[in-house]
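Please look over the sequence and the structure shown below. A student and a tutor will then discuss them in turn.

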Amino acid sequence: MKYLLCLPMAALLCACSVTPLPPLDNAHARVGLKTEAANRLQASRLDGEPVGGLQFPDLTPGEHRLEVRLFFEVPGGGGDVSGSFSAGERRCILAVEYADFAAGQHYQFHASRRGWGPAGWLLDASGNKLATAREVRCGPGV
C-alpha cells in the first residue's frame, strides 16, 4: 500500500528533471548561454527571427547574428520616503555578430551586468573572446 503512495511522488519528481541536450553533430555549431547566478539570460533572436525556446537551436556553419535578453537587478538609486533604497529589474537586449561559426564546435554567449548596464561576449570552447556584444536596448518593456 505504501508503495502506491510513492508512485505519484516519483512521477512528479521525474516531470521536473531536465532533459540533456543530444550530442552535437558534425554539421552544426552549438551556442550555450552563461551569466551570473543572480541574473537571467535567454535567447531572443537568431538572424532576426524570434527563437522559440530559452536556448539557441544548433547553428549551420557561417555567419549569424545572435540576440539575447538579459535580466538583472540594479539599485533603485533614489530611495523612498523612509530613506531606504529599493532594487529594480533591468532588461536588456544584447547582440553579437560572428562570421565564422564552425561545424562541430561549441561556443558560449556570456552576458553580465556592469554597473547599470550590460556587457557580453562570444567565446570559443577554450574561453577565448571571439566577438564583443553590443547593447541593442535596455528598459522595462524589453
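**Salt bridges, core and an unusual loop residue**

Student: How many salt bridges does a search of the whole structure find?

Tutor: This is a predicted model, in which local features need pLDDT of at least 70, side-chain atom pairs count only at pLDDT 80 or more, and totals for chains, interfaces and linings use all residues. Residues are numbered from 1 along each chain as its sequence is written, and side-chain values use heavy atoms, with hydrogens and water left out. A salt bridge has a side-chain nitrogen of Lys or Arg within 4 Å of a carboxyl oxygen of Asp or Glu. Searching the whole structure by this rule gives a count of five.

Student: How many residues apart are Asp58 and Arg30, whose salt bridge links distant parts of the chain?

Tutor: The side chains of Asp58 and Arg30 meet at 2.9 Å, N to O. Asp58 belongs to the loop between E3 and strand E4 (62-75), while Arg30 is in strand E1 (residues 30-34). Strands (E) are DSSP runs of at least two residues and helices (H or I) runs of at least four, numbered from the N terminus. The separation of the two partners in sequence is 28 residues.

Student: Is Arg30 buried or exposed?

Tutor: A residue is buried under 20% relative accessible area, exposed over 50%, and partly exposed in between (1.4 Å probe, protein chains only). Asp58 has a relative accessible area of 33%, which means that this partner is partly exposed. The relative accessibility of Arg30 is 10%, and therefore Arg30 counts as buried.

Student: Which residue forms a salt bridge with Arg65, and what is the N to O distance?

Tutor: The partner is Glu67, and the contact is between the two side chains. Glu67 has a relative accessible area of 9% and is therefore buried. Glu67 and Arg65 meet with an N to O distance of 2.9 Å.

Student: Which residues are joined into one network by salt bridges that share partners?

Tutor: Arg91 and Glu89 form a salt bridge in which the closest N and O atoms are 3.4 Å apart. Arg91 is partly exposed because its relative accessible area is 29%, and Glu89 counts as partly exposed at 36% relative accessibility. Shared partners make one network out of Arg40, Glu89 and Arg91.

Student: How many residues does the largest nonpolar core have?

Tutor: A nonpolar core is a set of buried Ala, Val, Leu, Ile, Met, Phe, Trp, Tyr and Cys residues joined through side-chain atoms within 4.5 Å. In the largest one, the residues with the most contacts include Val31, Phe56, Leu66 and Phe101. At least two of its residues come from each of E1, E2, E4, strand E5 (87-101) and strand E6 (106-114). The size of this core is 25 residues.

Student: How far apart in space are Phe101 and Leu59, C-alpha to C-alpha?

Tutor: Phe101 is located in strand E5. Its relative accessible area is 3%, and therefore Phe101 is buried. Leu59 is 42 residues from Phe101 in sequence, and the C-alpha to C-alpha distance is 7.9 Å.

Student: Which residue has a positive phi although it is not a glycine?

Tutor: Most residues other than glycine have a negative phi. The exception to be named here lies in the loop between strand E2 (40-46) and strand E3 (49-50). At 39% relative accessibility, this residue counts as partly exposed. With a phi of about 55°, the residue is Asp47.
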